[in-house]
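Me: I should like to learn how to read the packing of a helix in a model. Where should one begin?

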Amino acid sequence: MASLLPHKDLVNLPKDFTLVVNTSDPHKHLHSYELIDWLPTEGVCLLLNRTSYNLKNMLNILGFDTHKLYFIDTISKRIDSKLKTDRTYYLHTNKDLNQISNSIEKVNSLMPSGDKFIIIDSLHNLLMHHDEKTSLNFLDFINQRLRLLRLNRIYLTDFNKLKPNIKNKLLKISDRIIHL
């Protein structure tokens, strides 16, 4: 499988980093998960637009190693899916910012101590449910909280679906931005 991720963008990331992957192409979006093969630690995926069962199967088909991933699935319960995956914490909604924040802390406590990462998949899907001020405050809060939890932050999003001030906030907090 040919890599779609520009590896030069992954070299020399700081020990504590925030990375944004911007794409509007669903195929390229899925290939953003090549990152998990570059990261030596365990991590968690916060899924805001698909079930953990579907994502895990798609990643396995593409040859990505999903064994070091935990999932926070905000879709399965909402659609009443009976398909479950291991190492997954299920939420009833993808809109409740407090539930999402608390679930990240719960899943983080299940992982070995030390540096880890979180992939927030389809950030634009979360922020579209909230006004701009709430979204900006949440980004400030969650970025700081994740840093304290020693979770390197990876936001997968589509800049075309973000309000300008939200996009600018992501640009400010990011150590690196990858456009696919």
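Reply: Begin with contact, which means heavy atoms within 4.5 Å. Helices (H or I, at least four residues) and strands (E, at least two) are DSSP runs, numbered from the N terminus. This is a predicted model, in which local features need pLDDT of at least 70, side-chain atom pairs count only at pLDDT 80 or more, and totals for chains, interfaces and linings use all residues. Residues are numbered from 1 along each chain as its sequence is written, and side-chain values use heavy atoms, with hydrogens and water left out.

Me: Which residues of helix α3 are buried?

Reply: An α-helix has 3.6 residues a turn, so residues three or four places apart point the same way. In α3 (residues 52-61), the buried residues (under 20% relative accessible area, 1.4 Å probe, protein chains only) are Ser52, Leu55, Lys56 and Leu59. Viewed down the axis of α3, they fall within an arc of 95° (taken from the directions from the helix axis to the C-beta atoms), so they line one face of the helix.

Me: What covers the buried residues of α3?

Reply: The cover includes α1 (26-31), β2 (43-47), β3 (69-73) and β4 (88-90).

Me: In what order do the strands form the sheet?

Reply: Two strands pair if DSSP finds at least two bridges between them. Here seven strands form an open, parallel sheet, ordered β4-β3-β2-β5-β6-β1-β7. At the edges stand β4 and β7 (176-179), each with a single partner strand, so one side of each is left without a neighbour in the sheet.

Technical notes
Buried means under 20% relative accessible area, exposed over 50%, partly exposed in between (1.4 Å probe, protein chains only).
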